[in-house]
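Colleague: I'm new to this one, so could you walk me through it? I'll ask, you reason it out.

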Amino acid sequence: GVIVMKPSPTRLVLLVATRKGAWLFHGDAQRSAWTVDGPHFLGHTISHVQLDPRDGRTLLAAAKTGHLGPTVFRSTDLGKTWKEARQPPAFGPASNGLPARAVDHSFWLTPGHASERDSWYVGTSPQGLFRSEDGGVSWTPLPAVNDDARFREWMGTEQDGTPDGPKLHSIIVDPRDPAHLLFGMSGGGVHESRDAGRSWAPLIEGMQVVEGFDAATVTFHDPHCLRLCPSNPDRLYQQNHCGIYRLDRPGTAWQRVGRSMPADVGDIGFPMVVHPRDADTAWVFPMDGNTVWPRTSPDGRPAAYVTRNAGRTWQRLDQGLPTSQAWWTVKRQAMTVDARPAPALYLGTTSGELWVGHDEGGRWSNIARHLPEIYAVEVAELA
């Protein structure tokens with residue numbers, strides 16, 4: 001007799017980080033039934049939870065706890081048990097005549113290159129970059145960023161206007177080359193390394209800054225979220241404090257593709273999401289960027305916007321979302337897309353709602369309400 005192995009059905013897991021803990025939502029391939037696992041770390045600030053795509057099992061959580069302070073937790077059994085990092089991200093002693101700093105919280109986790117089995121990066125507030133080579137157990141600083149006098153100047157003051165402190169975020173590892181790295185600083189620009197983080201160059205040409213400031217000064221640049229296209233790693237998208245941008249390498253100048261957004265909505269927001277297989281398709285979630293920065297959905301009418309032609313035109317995606325009096329918005333890590341044949345979007349709101357956007361955001365439905373303020377949403381496929 002021939003034994004026919006049936007492929008195991010795809011299972012999805014949403015990793016939801018909030019101001020007061022983390023939740024995992026397990027879903028079926030149709031994304032119609034979700035079971036909740038949580039809270040984990042109830043009451044503690046969790047900025048980001050990431051699954052290691054290289055083993056499909058290891059989770060890291062960036063946490064700020066009442067008793068342990070800023071740290072990283074690690075689980076090798078999909079969140080059943082957690083262990084604190086043995087050596088959490090911490091700045092070294094003062095050097096180069098620069099004032100000493102203390103990590104307030106870890107903010108952004110990025111798994112390293114597929115070829116570098118247990119490597120991870122984390123970005124902190126105040127801005128710092130750290131690497132782990134043992135799966136997140138111990139973290140070492142990258143001095144070319146953390147202890148560099150020019151970088152320190154670009155990082156500005158600890159009171160740069162970001163509500164809970166300046167951030168190093170959007171750490172990107174080029175899938176073709178583990179030595180090619182990028183990150184964003186709020187504030188302090190976009191930076192690129194081609195030698196695994198030993199040296200860096202700013203990548204800010206074409207980016208605009210707040211009126212009255214000098215765009216040539218790296219300090220004044222405030223990227224909110226950077227993304228590299230998996231299907232074309234030479235293309236980057238960016239949602240910035242001052243618009244939506246695209247960069248096609250080997251070019252070095254960002255193009256403001258948000259100019260074609262509807263004028264009454266504008267191109268200010270926090271998250272940026274790119275399609276897993278189509279570099280011309282990307283999504284944003286605009287917010288009210290008026291002079292007082294309400295940080296709410298424009299007119300209380302939330303919607304995602306999609307471009308399918310690399311930013312030339314944008315289309316509103318609001319079917320199923322509230323049509324009025326919804327004053328939440330979406331943070332820079334709180335929107336993502338899965339890699340299924342017909343991708344779905346996921347987003348978490350500042351008012352603690354979790355939404356799935358079926359058909360690439362064409363049809364929204366609610367997964368959860370009444371969670372704490374959502375800081376980050378990631379999605380992963382479990383075999």
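Colleague: Let's start with strand 28: is it largely enclosed or not enclosed by the rest of the structure?

Modeller: Bear in mind that this is a predicted model. A residue counts as buried when its relative accessible area is under 20%. In strand 28, 8 of the 9 residues are buried, so the strand is largely enclosed.

Colleague: Which way do strand 1 and strand 28 run, parallel or antiparallel?

Modeller: These two strands are joined by 8 bridges. One residue of strand 28, Ile374, stands opposite Thr18. The direction of the pairing is antiparallel.

Colleague: What is the volume of the largest pocket?

Modeller: Let me begin with what surrounds the pocket. Closest to its centre, among 37 lining residues, are Gln50, Pro53, Pro111, Pro230 and Glu378. Strand 1 and strand 28 are among the elements that give two or more residues to the lining. As for the volume, it is about 1200 Å³.

Colleague: And how many of the residues lining the largest pocket are nonpolar?

Modeller: Take the other classes before that one. The lining has 5 charged residues and 8 polar ones. That leaves the class you asked about, and the nonpolar count is 24.

Colleague: Which strands stand at the edges of the open sheet with the order 4-5-6-7?

Modeller: The sheet has 4 strands, and their pairing is antiparallel. A strand with a single partner has one side left without a neighbour in the sheet, so look for the strands with just one partner. Those at the edges are strand 4 and strand 7.

Colleague: Which residue stands opposite Lys83 of strand 7?

Modeller: Strand 7 is joined to strand 6, residues 69–75, by 2 bridges, and the two run antiparallel. Opposite Lys83 stands Arg74.

Colleague: How is the aromatic pair of Phe41 and Trp82 arranged, stacked or edge-to-face?

Modeller: There are 9 aromatic pairs in the whole structure, and in this one the rings are 4.9 Å apart, centre to centre. Planes over 60 degrees apart count as edge-to-face. The angle here is 65°, so by that cut-off the pair is edge-to-face.

Colleague: How many residues apart are Phe41 and Trp82?

Modeller: Phe41 belongs to the loop between strand 3 and strand 4, while Trp82 is in the loop between strand 6 and strand 7. The pair links distant parts of the chain, and the separation is 41 residues.

Colleague: Is Trp82 buried or partly exposed?

Modeller: Its partner Phe41 has 16% relative accessibility and counts as buried. The cut-off for buried is under 20%. At 21%, Trp82 is partly exposed.

Colleague: Which residue has its charged end over the ring of Phe91?

Modeller: Phe91 helps line the largest cavity, as does Arg101. That cavity holds about 60 Å³ of space. The charged end over the Phe91 ring is 4.1 Å from its centre, and it belongs to Arg101.

Colleague: How much space lies in the second largest cavity?

Modeller: Its lining includes Val265, Tyr305 and Arg316. By class, that lining has 6 nonpolar residues, 2 charged and no polar ones. The space inside is about 30 Å³.

Colleague: Where is the cis peptide bond that leads to a proline?

Modeller: The proline is in the loop between strand 9 and strand 10. Omega for this bond is near -10°. A cis bond also joins Ser186 and Gly187, but the bond to a proline runs from Ser125 to Pro126.

Colleague: Is Asn96 buried or exposed?

Modeller: Asn96 is in the loop between strand 7 and strand 8, and its phi is positive, near 55°, in a residue other than glycine. Over 50% relative accessible area counts as exposed. With 59%, Asn96 is exposed.

Colleague: Which helix holds Asp359?

Modeller: Asp359 has a positive phi of about 50°, though it is not a glycine. With a relative accessibility of 48%, Asp359 counts as partly exposed. The element that holds Asp359 spans residues 358–361 and is helix 3.

Notes
Residues are numbered from 1 along each chain as its sequence is written. This is a predicted model: local features need pLDDT of at least 70, side-chain atom pairs count only at pLDDT 80 or more; totals for chains, interfaces and linings use all residues. Side-chain values use heavy atoms; hydrogens and water are left out. On a 1 Å grid over the protein atoms alone, a cavity is a set of points where a 1.4 Å probe fits but cannot get out, and a pocket is an open set with protein on both sides within 12 Å along at least five of seven lines; lining residues have an atom within 4 Å of a point. Grid points are joined across faces, edges and corners, and a volume is the space filled by probe spheres set on the points. Ala, Val, Leu, Ile, Met, Phe, Trp, Tyr, Cys and Pro count as nonpolar, Asp, Glu, Lys and Arg as charged, and the others, Gly among them, as polar. Two strands pair if DSSP finds at least two bridges between them. Rings of Phe, Tyr and Trp (its six-membered ring) pair if their centres lie within 6.5 Å; planes under 30 degrees apart count as stacked, over 60 as edge-to-face and the rest as tilted. Buried means under 20% relative accessible area, exposed over 50%, partly exposed in between (1.4 Å probe, protein chains only). A charge sits over a ring if NZ of Lys or CZ of Arg is within 6 Å of the ring centre and within 35 degrees of the ring normal.
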